[in-house]
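This report concerns a single structure and is addressed to a reader who has the sequence and coordinates at hand. Please consult the display below alongside the text.

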Amino acid sequence: MSAGREDLLALDRAHVWHPYGPMPGRTDPYLVESAAGVRLRLGDGRELVDGMSSWWAAIHGYRHPVLDAAMAEQAGRMSHVMFGGLTHEPAIRLASTLVELTPPGLQHVFLCDSGSVGVEVAIKMALQAQRALGRPGRQRLATWRGGYHGDTFHPMSVCDPVGGMHALWSGVLPAQVFAGPPPAEFDDAYAASLEEMIERHADELAAVIVEPVVQGAGGMRFHHPEYLRVLREATAAHGILLIFDEIATGFGRTGRLFAAEHAGVSPDILCLGKALTGGYLTLAATLCTPAVAAAISAGEGGGLAHGPTFMGNPLACAIANASIGLLRDGRWAAGVQKIESRLKDGLEPLRGARGVADVRVLGAIGVVQLDHPVDMAAATAAAVAQGVWLRPFRDLIYTMPPYVADEADVDRITAGITAAVAAT
Ligand code: PLP
């Protein structure tokens, strides 16, 4: 171990706050020196196959030459300019490409900083549109349990009320309307309960917000796409807006470019983030229909009340354009399919193993759910010992590898998951 590495970790312990933890942290983080392809190189020289794609964003792997070149080229022109009163080609190209690729009907794009802010913007759009349409009483949101939409306050209010942070923030978060968690299979009674919830609360609901097909950080659960059609019809019947949060599912993760395609359903508002820039820089996009935009624009204030300093950051937009360019040849789909079948082969033997409650795979997502809370330090260390980076949470040990992971990489990841399961 070099003195430099120890010094850095000591400074980290003294000053740097890490996600969801106390200060100082309970365990030291692993120091990463560099990353390339699907591998993270640690400060002590070890190399780990990345099973997390940096929280599901680095779909093309690290230091991709096309993304690196796009970043360098854009940095040579301008890294940033304000977006109020100014515009630029990277943002214009990105917005038009997103309109072209996303489900039909979404025509307008609001670029912002991060997934949580993208969801804030979506909610603000819904509330402002309802107010502009003469329904100011429609201020609540409905969703189903088991969701996750971000860590800022309004997104927190639609996260799962048990697994999320509602208990900590009761009395602070707005009280939203929740249906039960969506079942994996189609169930008429559950579909009817969604319709009933929407009808009962119609006069107070601005929008329904859900993650389509896969609920990510709320529990890594998959549900039947037909529920999205049920939500589409019920919301439309009552003038309630439908928001799809595809921050985790967008750009191919579930095997379709957007998860809404599994159901053939278009929302009124769509949130994108994470893989938008191939995991290089923070950027989110909130898209909406002309009807939503027209209502807001004709309403009080005459526009959407939002405009972050780094809105439409050219560097992030240029990388997003390059990342989408890599997806456009369609080769990602074969990569995701290969990962899916290899994950199934590698994880299926864990079904029925001691401590395992469920094994599920969809697209480039592999999940092992335990029947007990994971010992995160032990599980992580066991995976690292196998040369794999995983970040389990709650009762879940899972992977979302970069799409460029080859079969040997995926086998290594499933070996890491197996070791992590055995260690916890
Ligand atoms: N929405 C979903 C579905 C997410 O998975 C996440 C992040 O995990 C967010 C919103 C929040 O995104 P960010 O962490 O970029 O704020």
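The sections below treat the ligand site, the internal cavity and the cysteines in turn.

## Ligand surroundings

The model is predicted. The shell around the ligand includes a run of Ser 114, Gly 115 and Ser 116, and another of Tyr 148, His 149 and Gly 150. Trp 56, Glu 211, Asp 245, Ile 247, Ala 248 and Lys 274 also belong to the residues around the ligand. By class, this shell divides into four nonpolar, five polar and three charged residues.

## Polar contacts and coverage of the ligand

Side chains of Ser 116, Asp 245 and Lys 274 each place a polar atom by the ligand. For Ser 116, an N or O atom of the side chain is 2.6 Å from an oxygen atom of the ligand. Asp 245 instead faces a nitrogen atom of the ligand, with a polar side-chain atom at 2.6 Å. In the case of Lys 274, the partner is an oxygen atom of the ligand, and the distance is 3.0 Å. On its own, the ligand has 390 Å² of accessible area, of which the protein covers 82%.

## Internal cavity

How many cavities of 30 Å³ or more does the structure hold? There is one, and the volume of the largest cavity is about 40 Å³.

The lining of the largest cavity is formed by Leu 127, Gln 130, Arg 131, Arg 135, Pro 136, Arg 138 and Gln 139. Three of these lining residues are charged, two are polar and two are nonpolar.

## Cysteines

A search of the whole structure returns zero disulfides. A disulfide is a covalent bond between the sulfur atoms of two cysteines.

Why does Cys 159 form no such bond? The closest cysteine sulfur to that of Cys 159 belongs to Cys 271 and is 12 Å away, which is too far for a bond. Cys 288 also has its closest cysteine sulfur in Cys 271, at 11 Å, and is therefore too far for a bond. Cys 159 is buried, with a relative accessible area of 4%, and Cys 288 is likewise buried, at 4%.

Notes:
Residues numbered from 1 in each chain as written. Predicted model: local features only at pLDDT ≥ 70, side-chain atom pairs only at ≥ 80, totals over all residues. Heavy atoms only, no water. 1 Å grid on protein atoms, 1.4 Å probe; cavity = no way out; pocket = protein on both sides within 12 Å on 5 of 7 lines; lining within 4 Å. Points joined across faces, edges and corners; volume = space filled by probe spheres on them. Nonpolar A, V, L, I, M, F, W, Y, C, P; charged D, E, K, R; others polar. Near = heavy atom within 4 Å. Polar contact = N/O pair within 3.5 Å; in protein donor to acceptor, adjacent residues only side chain to side chain. Areas by Shrake-Rupley, 256 points an atom, 1.4 Å probe, with all protein chains shown as cover. Disulfide = S-S within 2.5 Å. Buried < 20%, exposed > 50% of the residue type's maximum accessible area, 1.4 Å probe, protein only.
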